[in-house]
Amino acid sequence: MTEIKGLGYVRVLATGIDRWRELGYDVLGFAPGSGPEKDALHFRMDERPSRITVEHADVNRVSAVGWEVRDHLSLQRLMSTLDAEGIEYAPMSQDLCDARKIEAGISLKDPGGTPLEMFHGPALDHSPVITKYGQKFVTGQQGLGHVVMPTTNFDESYLFYTETLGFLPRGAFRMPSPPGAGPLRIRFLGINQRHHSLAIMPSLEGRDPGLIHVMVEVDELDAVGRAYDQVMSRDFPVSSTLGRHTNDKMVSFYVRVPGGWDIEYGTGGKLVDESYYTAEEITADSYWGHEWMWAREAKTAARRAAQDEEVAQEEEVAS
């Protein structure tokens with residue numbers, strides 16, 4: 001059984017801070033949050049002062065993925081587990097905890113190199129959460145949402161999250177693999193009723209920003225539609241069109257953020273009853289929709305190549 005209860009926060013460094021401000025507040029409708037960092041954006045979804053924090057920098061990189069445990073006893077048990085496995089970690093200083101608005105925590109890196117923070121005791125902001133379009137974000141016992149991360153050490157990462165940290169396998173999606181290589185799968189992992197709070201994806205090389213996407217969930221389909229309209233009207237890149245996933249049943253779209261990764265914005269995610277759940281392998285990521293930008297571009301390139309070949313053949317016959 002895992003000590004981790006939910007995805008607490010995600011922090012990133014980013015170069016395009018002005019475009020980020022427009023995306024976060026005006027397009028996706030996050031409420032303004034709070035934090036001590038200068039030149040940072042604090043996106044609020046609930047009583048937490050900031051669920052997603054974007055710090056102005058000269059690089060685009062994930063700086064922390066924060067996982068929440070119940071209390072100080074849970075954190076102690078987690079540290080004992082890490083000690084037994086010989087996994088290095090460092091207590092977070094009081095200044096850093098105050099900056100994160102938490103009581104205590106530890107920092108470490110997973111086998112893929114992603115910086116993690118395990119914490120307890122978040123300080124709450126009890127002022128009204130006023131979102132741009134009146135939408136409510138689905139958090140609470142399900143945490144912030146989910147995060148998908150690439151890793152060059154996939155097998156080691158999978159064992160770290162499942163056997164060391166106690167994440168529960170919640171299915172997989174088999175990816176095309178190079179000739180002669182074994183099967184490659186994206187693995188979905190859960191810690192509460194949300195279908196997955198984490199997914200890890202095999203990667204051939206480590207590169208920034210170190211994120212594939214972060215999912216946030218809203219309370220109704222109209223909120224997704226309004227955000228989608230804003231994305232289109234303000235000319236933000238749509239990485240994937242509106243669609244419905246096969247595993248978590250989420251109706252969502254993906255928008256490319258400044259910095260080279262995506263935010264999935266969705267609604268209607270299913271809740272998992274662990275008493276009856278079995279881990280399954282999906283064979284398609286969506287029932288409908290979710291046309292990916294890279295797939296569309298590949299189809300366009302293939303169609304143009306075929307047309308060029310046809311023209312060349314006609315010219316050869318004519319000559």
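Reader: Two strands pair if DSSP finds at least two bridges between them. Which residue stands opposite Trp-288 in strand 18?

Author: Arg-244 is the residue facing Trp-288 there. This is a predicted model, where local features need pLDDT of at least 70, side-chain atom pairs count only at pLDDT 80 or more, and totals for chains, interfaces and linings use all residues. Residues are numbered from 1 along each chain as its sequence is written, and side-chain values use heavy atoms, without hydrogens or water.

Reader: Cool. How many bridges join strand 14 and strand 18?

Author: Three bridges, with strand 14 (residues 238–245) and strand 18 paired in the antiparallel sense. Strands (E, at least two residues) and helices (H or I, at least four) are DSSP runs, numbered from the N terminus.

Reader: And what's the strand order in the open sheet?

Author: Its ten strands run 17-10-11-12-9-13-16-15-14-18, and the pairing is mixed. Strand 17 (281–282) and strand 18 (286–289) are at the edges with a single partner strand each, so one side of each has no neighbour in the sheet.

Reader: Which strands does helix 5 lie across?

Author: Helix 5 (residues 221–233) lies across strand 13 (213–218), strand 14, strand 15 (251–256) and strand 16 (262–267).

Reader: Switching topic: is Thr-164 buried or exposed?

Author: Thr-164, which sits in helix 4 (residues 154–164), is buried, at 13% relative accessible area. Buried means under 20%, exposed over 50%, partly exposed in between (1.4 Å probe, protein chains only).

Reader: What is Thr-164 in contact with, leaving aside neighbours within four places in sequence?

Author: Thr-164 contacts Thr-81, Leu-82, Glu-85, Ile-87 and Leu-159, contact being heavy atoms within 4.5 Å.

Definitions and conventions: Axes fitted to C-alpha atoms, helices over the stretch in contact; angles between N-to-C directions.
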